[in-house]
Amino acid sequence: MEHITRGALHLAMQITGSRDEALDILQNAVVKALEYRNAPRPDDAGYKAWFYRVVHNQAVDWLRREKKFDRQAQVDEVADEHDPESDLAMEQRKQMLHKALDALAAEQREIICLKDFHDFSYNDIAAIMDIERGTVMSRLHRARLALRDKLVALENESGERDGM
Amino acid sequence: MECNEAQVLVSGYLDRELTQQDAQRVRNHLESCDKCSKAHAEMKLLKERMGGLTYPDTDRETLAALEKDMLSQVGQWSGWLLVALGILVIMGFGMYTYLTSPDLHGLVKFMYVALHLGLAILFIVVLRQRLKTYRNDKYRKVKL
């Protein structure tokens with residue numbers, strides 16, 4: 001149960017770009033989950049995807065309220081904390097990826113994270129985001145292309161800065 | 001298979017979400033096309049890098065407190081709901097018994113209804129004000 005809650009918190013952070021908002025969203029999502037009579041039980045196989053869908057709906061409501069659907073996330077709030085023990089170059093690459101990811105539209109960021117970070121199947125992603133399974137592949141592909149382009153642009157920018 | 005078709009299917013191929021037949025077609029194309037093969041390698045690398053992302057950790061206590069808080073919130077709401085339901089049923093029953101009693105004068109019945117209606121209106125007005133204040137309160141998330 002704890003790993004599902006933690007993963008759902010990460011998804012909320014990835015969508016909103018804010019840890020505080022993510023905690024609020026998670027709290028609302030669990031209240032909804034407890035109130036919903038036909039909710040699957042936490043030990044059921046479909047519980048994880050179902051709970052992520054509740055979190056997705058709460059996060060989308062938040063984005064609509066805050067009118068942030070197409071805007072990028074606030075990079076500094078969710079960027080990974082620097083670990084002095086780990087390899088500096090690897091840390092820099094991670095930070096760069098966070099920046100590129102946060103520069104995407106919320107919907108693109110979410111679909112990439114659901115697949116490549118949370119490792120959901122296309123069927124689960126379709127259920128969580130309430131879209132057709134066939135749409136998942138095309139949207140995911142476009143999102144990955146967008147992420148690759150942002151990453152290349154950021155890396156070039158950083159290379160130019162370092163070269164100065 | 002043309003590059004345009006292969007490009008869209010590359011993500012599905014990478015995620016092992018294609019049918020055996022489509023996966024084979026993409027594999028054959030990748031073996032013969034440098035451009036698509038490069039795109040596939042880039043996507044694969046990106047996927048691996050995404051899997052290695054980390055986020056600020058949230059300690060067990062925070063998550064446990066969150067769940068506990070949520071349970072108490074639900075408990076509180078259920079409690080208030082039961083109290084409100086109980087009051088409504090008792091009031092309704094009282095009113096029904098009172099109003100159907102043949103011994104009472106019509107004016108007394110009218111005053112009784114007016115008193116209850118007034119109380120209900122006052123309750124709704126205060127509740128509406130409280131909800132409005134709660135929604136617009138900028139500081140409600142500030143933890144003291």
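Colleague: What is the relative accessible area of Asp149(A)?

Modeller: This is a predicted model, in which local features need pLDDT of at least 70, side-chain atom pairs count only at pLDDT 80 or more, and totals for chains, interfaces and linings use all residues, while side-chain values use heavy atoms, with hydrogens and water left out. Residues are numbered from 1 along each chain as its sequence is written, chains are lettered from A and ligands numbered from 1 in the order in which they are written. Buried means under 20% relative accessible area, exposed over 50%, and partly exposed in between (1.4 Å probe, protein chains only). Asp149(A) counts as partly exposed because its relative accessible area is 44%.

Colleague: Which residue forms a salt bridge with Asp149(A)?

Modeller: A salt bridge is a side-chain nitrogen of Lys or Arg within 4 Å of a carboxyl oxygen of Asp or Glu. The partner of Asp149(A) has its closest N atom 3.6 Å from the O atom. That partner is partly exposed, at 23% relative accessibility. The residue is Arg148(A).

Colleague: How many salt bridges are there over all chains?

Modeller: Side chains of opposite charge can pair when their charged atoms come close. Counted by the rule above, the total over all chains is 13.

Colleague: Which residue of chain A does Arg49(B) meet in a salt bridge?

Modeller: The N to O distance in this pair is 3.4 Å. The pair crosses between chains, from helix H3 (residues 34-51) of chain B to helix H8 (residues 133-163) of chain A. The chain A partner has a relative accessible area of 32%, so it is partly exposed. It is Glu155(A).

Colleague: Asp15(B) and Lys47(B) form a salt bridge; how far apart are the closest N and O atoms?

Modeller: The two residues are 32 apart in the chain, Asp15(B) being in the loop between helix H1 (3-14) and helix H2 (20-32) of chain B and Lys47(B) in helix H3 of chain B. Both Asp15(B) and Lys47(B) are buried. A network of salt bridges links them with Asp116(A) and Arg144(A). The closest N and O atoms of Asp15(B) and Lys47(B) lie at 2.9 Å.

Colleague: How are the rings of Tyr47(A) and Phe51(A) arranged, and why?

Modeller: Rings of Phe, Tyr and Trp (its six-membered ring) pair if their centres lie within 6.5 Å; planes under 30 degrees apart count as stacked, over 60 as edge-to-face and the rest as tilted. Tyr47(A) and Phe51(A) are both buried, and they lie four residues apart, about one turn, in helix H3 (residues 47-66) of chain A. Their centres are 5.8 Å apart and their planes are at 5°, so the pair is stacked.

Colleague: What is the angle between the planes of Tyr52(A) and Phe120(A)?

Modeller: Tyr52(A) is in helix H3 of chain A, while Phe120(A) is in the loop between helix H6 (106-117) and helix H7 (122-129), 68 residues apart. Tyr52(A) counts as buried because its relative accessibility is 1%, and Phe120(A) is buried with a relative accessible area of 5%. The pair is edge-to-face, 4.8 Å centre to centre, and the planes are at 70°.

Colleague: Which residue has its charged end over the ring of Phe120(A)?

Modeller: A charge sits over a ring if NZ of Lys or CZ of Arg is within 6 Å of the ring centre and within 35 degrees of the ring normal. Here the charged end is 5.0 Å from the centre of the Phe120(A) ring. The residue is Lys48(A).

Colleague: How many of the 15 residues of H1(A) are buried?

Modeller: Helices (H or I, at least four residues) and strands (E, at least two) are DSSP runs, numbered from the N terminus. Chain A has eight helices and zero strands, and just after H1(A), Gly17(A) takes a positive phi of about 80°. H1(A) is largely enclosed by the rest of the structure, because the number of its residues that are buried is 13.

Colleague: What share of the 144 residues in chain B is buried?

Modeller: Chain B holds five helices and zero strands. In chain A, buried residues make up 49% of the 164 residues. For chain B, the share is 24%.
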